[in-house]
Amino acid sequence: MPLTQDSPGAADTRTHYRACHLCEAICGLLIETRGEEVVSIKGDPQDPLSRGHICPKAIALKDIHEDPDRLRGPVKKVADAKGGSHWQEITWQEALDTTAEKLLETVDEHGVNALGIYMGNPTVHNYGMMTHQGQLFRYFRTDNRFSATSVDQLPHHLAALWLFGHKLMFPIPDIDRSDYFLMLGANPVASNGSIWTVPDIRRRIKDFKARGGRLVVIDPRRTETAALASEHHFIAPGTDALLLAALLHTLFAEGLVDPGPLAPFTTGLDAVAEAMAPFTPDFAATHTGIDADTIRQMARNFADAKAAICYGRMGVSTQAYGALSQWLIQLLNIATGNLDKPGGSLFTLPAVDQVATTGPGGFGRHHSRVRGLPEFDRELPASTLAEEITTEGEGQIRALFTGAGNPVLSTPNGRQLDAALAQLDFMVSLDPYINETTRHADIILPPTSPLEHDHYDLAFHVNAMRNTTRFSEAVFDKPDGALHDWEIFQALAERVATARGQETPPAVPPAQMIDFALQAGPYGNASEHALDLQQLRAQPSGIDLGELQPQLPARLRTADQRIHCATPEPLADLARLLRDFDTDRDKELRLIGRRHLRSNNSWMHNYHRLVKGPDRCTLLMHPRDMDSRRLADGMEVELRSRAGAVRVQVERSEDIMPGVVSLPHGFGHHRDGVRLGTAREHAGISCNDVTDELALDALSGNAAVNGVPVTVAAP
Ligand SMILES: Nc1nc2c(c(=O)[nH]1)N[C@H]1C(S)=C(S)[C@@H](COP(=O)(O)OP(=O)(O)OC[C@H]3O[C@@H](n4cnc5c(=O)[nH]c(N)nc54)[C@H](O)[C@@H]3O)O[C@H]1N2
Ligand SMILES: Nc1nc2c(c(=O)[nH]1)N[C@H]1C(S)=C(S)[C@@H](COP(=O)(O)OP(=O)(O)OC[C@H]3O[C@@H](n4cnc5c(=O)[nH]c(N)nc54)[C@H](O)[C@@H]3O)O[C@H]1N2
Ligand code: SF4
Ligand SMILES: [Mo]
């Protein structure tokens, strides 16, 4: 229950059960409050998934709530006499009326595609944004929709759609029961896991190894995760598809392919075998930097393990062969019978089952106007947003809606987008901060703080390594006059409907939708659990629904409930891979990213306890590469690509592969008008001022923010 006391004393201290929504690990928290103050934040040992785990970011929930820079009410940009502008507080009535009017005006005058929409990552961490954005956007069926998906997990969705028939059918690594784990391009010890909700990963890796499990990490950097691994191999950025194809090549060549129980409903492996023929371990060795015998042995170890996992994340998704790599990863799991097997990778059965309740997703049904890039799930690649704003003609974006996103810092060639946003006729942002992106808005609509609304992890139970379910009440009452994200969507939808002479959509709170979905779900009315919201409210640490279970073929959403391995799109993409690596590649340096435990994309640099300490926005470079360029540790260097250049401090490191440099993303808070006081003191520079909007995975349209060719020199 939310707090209501006016004059709290020590006796009024209350403990709230709450999910941390900051990352995909969804840890259970115990938050102690006294009146309006958060007194302490601890891990909830009773949480069946996180078992008391917590990371330093959770404490920042207090900082977010109390941050004086966080907007408490809507603001509009007003021009000054001197040609500048300032922000003026306005009423919700004015903010919502003006926004609805401007959006309608844009589409009435210029057609529906004149409206662009960009939704950022925190959308999936805030269930009201997921349940209610459709209330508004159904009135604006624009082709120009964008999200963080296309700088992130788009290849995972495609592999899931192609092989299993639904964009959300992600195979989840069952580390607690596994013997062998091949991990590519992921650093869960820093990220806490992604498309793999796995709180307390450090302990799980230790337990896995103590049981004799072998963790093999493939990464151009010796990461925090690599440091815990049984084996770590450097790999040249963007060459994972060659390694994965060579692993499959070896399995086929040595008769190690055995899909086991998957065989009766799996087709197309013969065609895959044929397609893998040119991808020998020797070919892969030349380009990846991992020698051929090591690759062969890796394939044998994978096949020999009682239960094995192949998993890849950002490093393999956001690179030139993202979709191909994710498809090959699942083929390895399938070909060795490790899919749908305890200790391998399994599908979840979440209490609110999005696989059953959302559409499967589609690909390439329309293309972007300027560059002809394919849509996925009705969204276009974010790398094309700037040119869709600046290129004149029918369908040019003139008004933009952004929600919970910061594409100026998070999408390739952010500087170009930064300039493009300035030329919009109208921009509105649903966001609590004036950041690098929202500073361009005409109106900012700030929602309630996270602790002021209730919470259900609609997205992350789908990706979790154990089936659990949990509902969190709001910790604090909503302040007078404040609106939740979902209420803002609802209020805008009501105005648009009224203007269009249509019936206003009913306002059903997200919690009520979850109640319906729980009852209709796999543990609902038709099951012995008979779950509903009331039960979840009564057990705020969460309800354990058990380990992941084999579910195939019943769970498959392909038309004939089979896995068709010979997927035409990635099979055809193998020709591109072969062609690209047929000749010796240029010897340019390659830029990759990196994440830090106390950071979260672009938006958590405003909390002192998360940014204090040494500057983290440095360029890691191998001593060999520094010496050949006569660079000294700590020196300011110029990092340059086709798209742009930045000055950054170089940091000497043996942990990075020679030929590779690494820079975190999400910094660059120095820009004019950004109202993030603490972040500006640790401004750093934006990695995405160097990444290239033309560097894409040609198959999926996903941004290739890893493996960008760059030069580094003394300025
Ligand atoms: N070079 C490079 N670029 C990358 C990446 C990389 O590894 N390297 N990673 C990519 C990835 S994986 C991602 S997901 C993207 C992220 O890209 P984005 O989603 O565009 O950016 P975020 O930094 O997550 O922006 C979060 C914004 O949401 C707001 N916000 C937070 N919570 C809420 C809320 O509850 N409601 C509302 N309305 N707003 C909220 C914050 O104030 C902030 O403005 O960046 C991508 N960009
Ligand atoms: N602390 C913290 N946690 C986070 C986030 C955060 O910003 N900070 N962001 C959240 C989000 S939105 C996401 S999507 C997840 C991401 O979760 P992860 O994918 O686990 O995190 P990253 O650190 O991006 O890991 C990518 C790894 O790929 C490596 N890499 C780069 N290029 C290549 C390549 O070509 N091949 C191979 N094999 N490896 C390569 C990088 O060195 C890096 O170690 O993290 C989430 N959790
Ligand atoms: S690991 Fe993620 S979910 Fe857990 S406490 Fe840290 S930020 Fe929150
Ligand atoms: Mo992400």
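The following paragraphs lead the reader through a predicted model, beginning with its domains and ending with its two ligands.

The domain assignment divides the chain into three parts. Domain 1 is made of two stretches, 75-152 and 355-507. Domain 2 covers residues 171-346, and domain 3 covers residues 586-713.

The relation between domain 2 and domain 3 may be considered next. Taken over C-alpha atoms, the centres of these two domains are 27 Å apart. Their contact involves 22 residues from domain 2 and 24 residues from domain 3. How can such a meeting of parts be described? The size of an interface is often expressed as the accessible area that is lost when the parts come together. Between domain 2 and domain 3, about 1,600 Å² is buried, and 61% of this lies on carbon and sulfur atoms. On the side of domain 2, the residues that lose the most area to domain 3 are Arg221, Pro237 and Thr318, which together account for 32% of what that side buries.

Polar groups also take part in this interface. Between domain 2 and domain 3, 7 residue pairs are found in polar contact, with both residues at pLDDT 80 or more. The count of salt bridges between the two domains is 1. A salt bridge links Arg222 with Asp655, and the closest N and O atoms of this pair are 2.7 Å apart.

Attention now turns to ligand 1. Where does ligand 1 lie with respect to domain 1 and domain 3? Ligand 1 lies between them, because both domain 1 and domain 3 give residues to the shell around it. This shell holds 30 residues, of which the closest are Asn121, Ser410, Asp431, Asn435 and Ser602. By class, the shell consists of 15 nonpolar, 11 polar and 4 charged residues.

Several of these neighbours can be examined at the level of single atoms. Asn121 places a backbone N or O atom 2.6 Å from an oxygen atom of ligand 1. Ser410 likewise uses a backbone N or O atom, which lies 2.7 Å from a nitrogen atom of the ligand. In Ser602, an N or O atom of the side chain is 2.6 Å from an oxygen atom of ligand 1. Taken alone, ligand 1 exposes 920 Å², and the protein buries 97% of that area.

Ligand 2 may be described in a similar manner. It is surrounded by 30 residues, and the closest are Asp219, Asp240, Arg595, His596 and Ser599. A polar backbone atom of His596 is 2.8 Å from a nitrogen atom of ligand 2. For Leu597, a backbone N or O atom lies 3.2 Å from a nitrogen atom of the ligand. A polar backbone atom of Met314 is 3.1 Å from an oxygen atom of ligand 2. On its own, ligand 2 has 920 Å² of accessible area, of which the protein covers 97%.

Note on methods. Residues numbered from 1 in each chain as written. Chains lettered and ligands numbered in written order. Predicted model: local features only at pLDDT ≥ 70, side-chain atom pairs only at ≥ 80, totals over all residues. Heavy atoms only, no water. Near = heavy atom within 4 Å. Polar contact = N/O pair within 3.5 Å; in protein donor to acceptor, adjacent residues only side chain to side chain. Areas by Shrake-Rupley, 256 points an atom, 1.4 Å probe, with all protein chains shown as cover. Nonpolar A, V, L, I, M, F, W, Y, C, P; charged D, E, K, R; others polar. Domains from an automatic or database assignment. Contact = heavy atoms within 4.5 Å. Buried area = accessible area lost by both parts, 1.4 Å probe. Salt bridge = Lys/Arg side-chain N within 4 Å of Asp/Glu carboxyl O.
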